[in-house]
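Colleague: Before I accept the labels attached to this structure, I would like to hear the reasoning behind each. Please set the values against the cut-offs.

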Amino acid sequence: MFFKDIIGQIEAKQRLIKEAKEGKIPHARLFCGSEGIGKLGLAIAYARYILCEHPSNDDACGNCPSCIKFNKLVHPDLHFVFPVIKKKNSKETTSDDYLPEWRNLLNNTPYFNLNIWLKEMGAENQQAMIYVKESDEILRKLSLKSSQGGYKIMIIWLPEKMNTECSNKLLKLLEEPPTQTVFILVSEEPDNLLATIQSRTQRMQLYGINEEYIANNLMEIYGLQHTDASHIAHQSEGNYLKALETIHLSEENQFFFDMFVKLMRLSYQRKIREMKQWSENIASIGREQQKHFLTYCQRLIRENFIYNFKDTTLVYLNNEEQNFSNRFSPFINEQNVIGIMNELNEAQRHIEQNVNARMVFFDFALKMIVLLVQK
């Protein structure tokens, strides 16, 4: 993975290359931003550039022994940490237990989210975490001598998934890092990290990919016409994953849309029995999917509220969502939008705390009966 493989993020690439060339590589860097913008791919390209023996002015050379080792992400001085699910009959699961699946996914694309990774692991209803045993593995790996006598790089994807004990151990490593070691933390929720961890990293905030870069990629890779590619790029809000989902509507997104529409209709019609069945259906999917569903609901509520302003440049809906919003958006207004978003936030918090999902979703559904009629 090279810098050239990362869509957009031109300023970030230039800054990383400049610092590396000047020898100003911080021992710990925190890449922050939403999903689908290329944070993980950028971290890997940055690691490759650092480890490259003959880097050019804009990328790794691709030909030196270090780059050749990097081709399958098996470089001895490159290490990964990421959220995992517990293996059966195993009390202590670490990233190494899922390295083949991780490398397989990364070699296909650097653009994926936690839910895609969960499916790769076969997580079903399990939630992924970075367990305390991982911190011992980090220390062991970084205590080894560099194979090239240079840097050792540890990329930690979604460090906010670390449990408290693991976070505290990582903090000690960041306070007293091994010689010529670079930590790259790739986070979507950096505020959920310990404040002391945040303070010991150099933060780089990454933003959505420019629409033009997404559109050009869609035309080049998927052969879309300019008008279609530009429309999809606009809908994506800088999220390349979302652009891909617009082209190949995922089964999960279709399921989320169908469940959202069903709930809104049942709530408006006050069909309590059917709403209870709806709650049981949504409670039967995994916790991570439930959280993603609630995030999807928040997006649709927000988009329907904005839809009322009749400015299409502000709206990011696919065709099916937009057709529904033509009729539904008047029900989302100044009187109820904050209340609905608050209820969705509370439901998401309860799901994260492992509260009974049937109760959480049925309670939310009942509240929607009252909120939808507020004008």
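Modeller: What follows takes the sheet, its strands, two buried residues and two helix pairs in turn; the model is a predicted one.

Colleague: What makes β2 and β5 the edges of the sheet?

Modeller: The sheet is open, with five strands in the order β2-β3-β4-β1-β5 and parallel pairing. β2 (78-81) and β5 (202-205) each have a single partner strand, so one side of each lacks a neighbour in the sheet. On average, neighbouring strands are turned by 20° against each other, direction ignored.

Colleague: How do you know that β1 and β5 are paired?

Modeller: Pairing requires at least two bridges between the strands. β1 (residues 28-32) and β5 have four, in the parallel sense, and the condition is therefore met. Within β5, Met 204 is the bridge partner of Phe 31. Helix α1 (residues 10-21) packs on the sheet and touches β1 and β5, and its direction makes about 155° with that of β5.

Colleague: What joins β1 to β4?

Modeller: Five bridges, with the two strands running parallel. Cys 32 stands opposite Ser 187 in β4.

Colleague: Why is β4 called largely enclosed?

Modeller: Buried means under 20% relative accessible area. In β4 (residues 181-187), seven of the seven residues are buried, so the strand is largely enclosed by the rest of the structure. Both faces are covered: one carries Thr 181, Phe 183, Leu 185 and Ser 187, the other Val 182, Ile 184 and Val 186, and all are buried.

Colleague: How many bridges link β3 and β4?

Modeller: Six, again in the parallel sense, with β3 spanning residues 152-157. Thr 181 in β4 is the bridge partner of Lys 152.

Colleague: And what makes you say that both faces of β2 are covered?

Modeller: Leu 78 and Phe 80 on one side, and His 79 and Val 81 on the other, are all buried. β2 runs parallel to β3, joined by four bridges, and Val 81 stands opposite Ile 156 in β3.

Colleague: Why is Met 154 called buried?

Modeller: The cut-off is under 20% relative accessible area. Met 154 has 0%, and therefore counts as buried. Met 154 belongs to strand β3. Leaving aside neighbours within four places in sequence, Met 154 is in contact with His 79, Phe 80, Val 81, Ile 138, Lys 141, Leu 142, Val 182, Phe 183 and Ile 184. From Met 154 to Gln 180 there are 26 residues in sequence and 11 Å in space, C-alpha to C-alpha.

Colleague: Glu 288 is a charged residue by class. Why does Glu 288 count as buried?

Modeller: The class of the residue does not enter into the test, which is under 20% relative accessible area. Glu 288 has 5% relative accessibility, so the label is buried. Glu 288 lies in helix α14 (residues 287-307). Apart from neighbours within four places in sequence, Glu 288 is in contact with Leu 114, Leu 118, Gln 126, Gln 127, Ala 128 and Lys 161.

Colleague: Now the helices. Why is α1 called roughly parallel to α2?

Modeller: α1 packs with α2 (residues 39-51) at an angle of about 25°, the axes being 11 Å apart. Angles under 35 degrees count as roughly parallel, so that is the label for α1 and α2. Their crossing is right-handed. From α1, Ala 12, Lys 13, Leu 16, Ile 17, Ala 20 and Lys 21 make the contact with Leu 42, Tyr 46 and Tyr 49 of α2. By class, this contact has seven nonpolar, no polar and two charged residues.

Colleague: What makes α4 oblique to α5?

Modeller: α4 (residues 99-108) and α5 (residues 114-121) pack at about 130°, with axes 10 Å apart. Roughly antiparallel requires over 145 degrees and roughly perpendicular 65 to 115; the angle meets neither condition, so α4 is oblique to α5. α4 passes α5 in a right-handed crossing.

Colleague: Which residues meet there, α4 against α5?

Modeller: Glu 101, Trp 102, Asn 104 and Leu 105 in α4 meet Ile 116, Trp 117 and Glu 120 in α5. The residues of this contact divide into four nonpolar, one polar and two charged.

Definitions and conventions
Residues are numbered from 1 along each chain as its sequence is written. This is a predicted model: local features need pLDDT of at least 70, side-chain atom pairs count only at pLDDT 80 or more; totals for chains, interfaces and linings use all residues. Side-chain values use heavy atoms; hydrogens and water are left out. Axes are lines fitted to C-alpha atoms, for helices over the stretch in contact, and angles run from 0 to 180 degrees between N-to-C directions. Contact means heavy atoms within 4.5 Å. Buried means under 20% relative accessible area, exposed over 50%, partly exposed in between (1.4 Å probe, protein chains only). A crossing is left-handed if the near helix is turned anticlockwise from the far one by less than a right angle, and right-handed if clockwise.
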